[in-house]
Amino acid sequence: EAKSRGKGHLVVFAQGLRLATEHRVQLESELRRALRVGEMRLTYQPIVELSTGRVLAAEALLRWQHPERGLLMPSDFIDVAERSGLIVELGGWVLEQAAMQLAHWQRCGLTELHVAVNVSARQLRGGFITRQYDHAVAASQCDPTCLELELTEHTLIEDLDDSVRLLHELRRRGVTLAIDDFGTGLSSLAYLKRLPVGKLKIDRSFVAGLPHDSGDRAIVTAALSVARAMELTVVAEGVETPRQARCLRELGCAQAQGFLYGKPMNASELMALAIAGATEPPSDSRPQVLLP
Ligand code: C2E
Ligand code: MG
Ligand code: MG
Ligand code: MG
């Protein structure tokens with residue numbers, strides 16, 4: 001009895017696997033088509049100066065406007081793109097679009113604004129990223145010193161020697177390199193010494209517990225202290241409340257990104273925000289008293 005039930009479970013399990021595989025294969029071919037017919041979109045999330053709320057940069061975040069299933073998030077398709085290798089082509093498209101948008105903003109007079117693009121491990125390995133970067137810059141005619149590339153700790157420590165070499169190649173082109181989701185990589189900090197990065201983005205899981213969680217506070221403080229010693233700029237990710245923002249300011253963090261300042265938005269909304277200046281007044285400024 002137990003044996004036959006066990007067998008039944010195995011069948012269900014195998015069917016589940018097959019479905020998962022079929023789903024994956026289908027999603028992959030749909031994604032290939034989506035890229036060709038133009039269903040992919042970029043949204044832009046503001047990155048602000050914590051002391052003023054001024055928009056300094058925008059992170060380009062990928063979306064898929066699916067004809068039947070609506071707007072899909074990276075968590076719905078990035079994994080399939082990574083496994084199939086399609087992420088290389090997708091990443092090239094993202095870089096090209098983002099550079100084009102940056103060039104447009106620069107022509108509109110937003111010459112200080114930076115644009116950050118996420119780079120996957122597959123793009124880095126095999127030197128794809130340098131070619132894609134050169135192509136995007138040449139095609140868009142953007143000022144490349146305003147482009148930033150974000151790489152996760154996982155990506156970089158996968159093959160550290162290779163990363164060091166590739167990042168130097170990119171650095172020589174004037175691009176700013178940032179470590180994304182900093183603190184989630186379970187790695188020693190020694191790798192930081194070897195990489196020509198200019199920026200750390202503290203993962204939002206450590207920002208979530210501010211100001212009260214003593215563990216989060218300790219981790220953020222430690223990251224800020226390492227960054228200061230190595231002259232790296234720090235961005236706190238996932239800032240959602242004025243209290244988190246205030247705490248980060250007090251701890252000496254320079255930049256922030258999060259729903260408090262703006263969700264990912266379309267390019268024209270981002271541009272309006274960048275022109276308008278501050279998105280949120282510093283919370284330590286006194287409440288406005290209206291005089292009669
Ligand atoms: P990421 O690079 O760490 O991007 C930040 C993510 O955090 C974004 O999610 C953003 O919407 C979300 N976020 C920002 N502020 C807040 C906040 O205050 N609260 C909360 N709860 N979330 C916040 P999104 O757009 O879903 O992207 C998720 C991840 O997908 C990105 O994480 C990045 O790793 C990946 N991704 C997105 N676009 C691309 C791309 O073009 N290429 C590659 N390779 N990966 C991408
Ligand atoms: Mg990122
Ligand atoms: Mg991140
Ligand atoms: Mg993240």
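How do the residues of the shell around ligand 1 divide into nonpolar, polar and charged? The shell holds 10 nonpolar, five polar and eight charged residues, where Ala, Val, Leu, Ile, Met, Phe, Trp, Tyr, Cys and Pro count as nonpolar, Asp, Glu, Lys and Arg as charged, and the others, Gly among them, as polar. The model is predicted, with local features needing pLDDT of at least 70 and side-chain atom pairs pLDDT 80 or more, while totals for chains, interfaces and linings use all residues. Residues are numbered from 1 along each chain as its sequence is written, chains are lettered from A and ligands numbered from 1 in the order in which they are written, and side-chain values use heavy atoms, leaving out hydrogens and water.

In total, 23 residues surround ligand 1, each with a heavy atom within 4 Å of it; R63, N118, D180, E240 and F259 are the closest. Strand β2 gives the most to this shell, with four residues (strands are DSSP runs of E, at least two residues, and helices runs of H or I, at least four, numbered from the N terminus).

Next comes the metal site. The magnesium ion (ligand 3) is coordinated by D180 (OD), D181 (OD) and E237 (OE, twice), at 2.1 to 2.5 Å; donors are N, O and S atoms within 2.8 Å of the metal (3.2 Å for Na, K and Ca), and water is not among the atoms, so sites may look incomplete. Along the sequence, these donor residues follow the spacing D-D-x55-E. D181 belongs to strand β6 and E237 to the loop between β8 (233-236) and α11 (242-251), so that distant parts of the chain, 56 residues apart, are linked.
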